Amino acid sequence: MHAPLAAAAGRTASPATARLINDRLALQLLQSEGPLTAGQLKNLTGLSRPTVADLVDRLQAAGLVTVVGESGAQRRGPNARLYGIVADRAHLLGLDLRTRTLTVAVADFLGRVRAERTVPVGAAAAGPPAATASDTTAAALATALAAVDATLAEAGATGPHALAIGAPGLVDPATGRLGGSAPTWHAALIGALRERRTGTLLLENEVNLAALAEQRDGAARDRDTFVLLWLGHGTGAAVVLDGAVRRGASGGAGEIGFLPVPGTGGLPSATGCDGGFHSLAGSAAISRLAAEHGRPAPRADGPERTDAPPAEALVRDAVAAGDGAAAFLDALAARIALGVSGVCAVLDPGCVVLGGEIGRAGGAPLAERVADHLARLSPLRTDVRAGTVGGRAVLRGAVLAARDAAQDELFGPAG
């Protein structure tokens with residue numbers, strides 16, 4: 001996969017652009033494979049030995065790469081040197097914004113998290129009930145910024161080279177602004193971080209970032225085209241085609257909650273997704289379905305999980321119950337398959353990953369049931385997989401997006 005890219009760059013790009021692409025390619029290999037010798041870089045990229053020697057010199061001069069050892073005790077000399085990335089060359093900041101909580105991670109240039117924390121933010125943590133809306137937003141903003149600063153300090157970072165924010169809602173591709181009915185402290189925090197001008201800032205829909213994490217580190221590592229179906233409080237989808245996230249003209253690609261499906265007793269409208277797929281597979285709908293099947297309400301998870309959808313624990317308990325909850329899980333899978341079949345009919349992604357809190361709670365048992373129902377609804381061969389990144393998928397995607405942004409700043413956009 002790497003050699004054609006390098007070869008194509010050498011044939012079609014100017015010498016300066018070819019050097020940038022080759023440097024970026026080498027850096028990506030060092031990130032994914034770990035320390036490599038010049039000979040290994042030559043074999044993996046398909047570049048000539050002199051070209052590899054030049055790019056190694058450039059990366060060392062830029063402070064991005066250094067000698068970290070030798071490939072074996074029996075080999076000495078330049079060809080045996082192992083080159084690795086200077087992890088502290090750049091610090092990356094990733095944020096996962098939820099309605100009532102904020103999770104912050106600071107990572108090094110290798111994407112390794114150096115510090116992480118989750119704090120309650122919003123109405124529940126912002127002050128007394130008598131506080132005005134502006135007071136509440138100001139208090140929430142102060143809490144969020146304090147969490148960012150404390151996490152940076154813990155990681156030993158004075159400021160991020162790049163930061164990426166995952167948030168619920170539509171992100172307008174033209175303006176980069178967050179739309180929808182997000183809490184006011186979300187916009188306030190994004191604005192405050194933009195004003196700091198401490199690094200490249202990316203704002204992305206949370207589901208798209210989760211898809212990036214599954215593409216790089218999780219269930220879709222072998223796929224250039226797939227859809228991540230997010231099952232949480234509501235429903236959403238991230239569309240990845242030919243390796244790239246597709247956001248749509250207004251950022252609304254994947255708003256699957258508005259998809260008309262049978263069984264809801266109505267239709268969605270321009271002002272609300274009630275009557276659409278949301279009414280079958282959102283957390284509240286799943287909770288009602290569980291009650292119809294006699295599934296007991298789970299115990300509360302505690303204040304640290306104030307953003308967790310109630311159906312997450314219901315589905316997790318049902319999976320643990322095995323055959324005792326088979327009817328409920330089958331009914332839930334049939335509902336999910338309706339939405340998946342609509343996606344497949346339009347996009348034919350070949351692979352659908354179930355993510356979000358509820359998708360994660362259902363795991364492989366739910367994914368297998370969805371695949372069985374989907375096979376009856378669609379003639380298109382589609383793998384249905386459980387997400388594997390875990391509960392930090394949005395945060396991991398934010399760190400990866402920040403790393404990509406840092407690389408773009410250092411080398412220019414890929415291609």
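# Working through two sheets and a few odd residues

Helix H11 (residues 326–347) lies across E8, E9 and E11, and runs at about 155 degrees to E8. Keep in mind that this is a predicted model. The exercises below start from the sheet under that helix.

**Exercise 1.** Work out the strand order of the sheet that contains E8, E9 and E11, and find its edges.

*Solution.* Start with the order: this open sheet of five strands reads E10-E9-E8-E11-E12, and its pairing is mixed. Next, look at the ends. E10 and strand E12 (383–386) are the edge strands, each pairing on one side only. Then check the twist: neighbouring strands are turned by 25 degrees against each other on average, direction ignored. Finally, zoom in on one pair. E9 and E10 are antiparallel and share three bridges, and Leu241 sits opposite Ala244 in E10.

**Exercise 2.** Do the same for the sheet that contains E6 and E7, and say why its edge strands each have a side without a neighbour.

*Solution.* Again, begin with the order, which is E5-E4-E3-E6-E7 in an open, mixed sheet of five strands. Strand E5 (113–120) and strand E7 (200–205) are at the edges with a single partner strand each, so one side of each has no neighbour in the sheet. The twist here averages 15 degrees from one strand to the next. Now take the pair at the E7 end: strand E6 (residues 162–167) and E7 run parallel and are joined by six bridges. Within that pair, Ile165 faces Leu203 in E7.

**Exercise 3.** Find which strands helix H7 touches in each sheet.

*Solution.* Take the E6–E7 sheet to begin with. Helix H7 (residues 206–217) packs on it, touching strand E3 (92–97), E6 and E7, with its direction at about 100 degrees to that of E7. Then turn to the other sheet, where H7 lies across strand E8 (226–231), E9, E10 and strand E11 (351–355), at about 125 degrees to E8. Put the two steps together and H7 has strands of both sheets among its contacts. For practice, add helix H13 (residues 393–411): it lies across E3, strand E4 (101–107), E5, E6 and E7, and runs at about 145 degrees to E3.

**Exercise 4.** Arg197 and Asp242 have positive phi values; place each one and decide whether it is buried or exposed.

*Solution.* Arg197 has a phi near 50 degrees and isn't a glycine. You'll find Arg197 in the loop between helix H6 (184–196) and E7. Its relative accessibility is 73%, so Arg197 counts as exposed. Asp242, also not a glycine, has a phi of about 50 degrees. Asp242 belongs to the loop between strand E9 (235–241) and strand E10 (244–246). With a relative accessible area of 65%, Asp242 is exposed too.

**Exercise 5.** Decide whether Cys351 is in a disulfide or free of one.

*Solution.* The cut-off for the two sulfur atoms is 2.5 Å. The nearest cysteine sulfur to Cys351 is that of Cys344, 9.6 Å away, and Cys351 is in no disulfide. For the protein, the count is zero disulfides. As for its surroundings, Cys351 is buried, at 0% relative accessibility.

**Exercise 6.** Locate His373 and list what it contacts.

*Solution.* First, His373 is part of helix H12 (residues 356–377). Second, leaving aside neighbours within four places in sequence, His373 is in contact with Asp330, Ala333, Ala334 and Ala337. Third, look for a polar contact: the His373 side chain reaches the backbone oxygen of Asp330 at 3.4 Å.

How values were computed: Residues numbered from 1 in each chain as written. Predicted model: local features only at pLDDT ≥ 70, side-chain atom pairs only at ≥ 80, totals over all residues. Heavy atoms only, no water. Pairing = 2+ DSSP bridges. Helix = DSSP H or I, 4+ residues; strand = E, 2+ residues; numbered from the N terminus. Axes fitted to C-alpha atoms, helices over the stretch in contact; angles between N-to-C directions. Contact = heavy atoms within 4.5 Å. Buried < 20%, exposed > 50% of the residue type's maximum accessible area, 1.4 Å probe, protein only. Polar contact = N/O pair within 3.5 Å; in protein donor to acceptor, adjacent residues only side chain to side chain.
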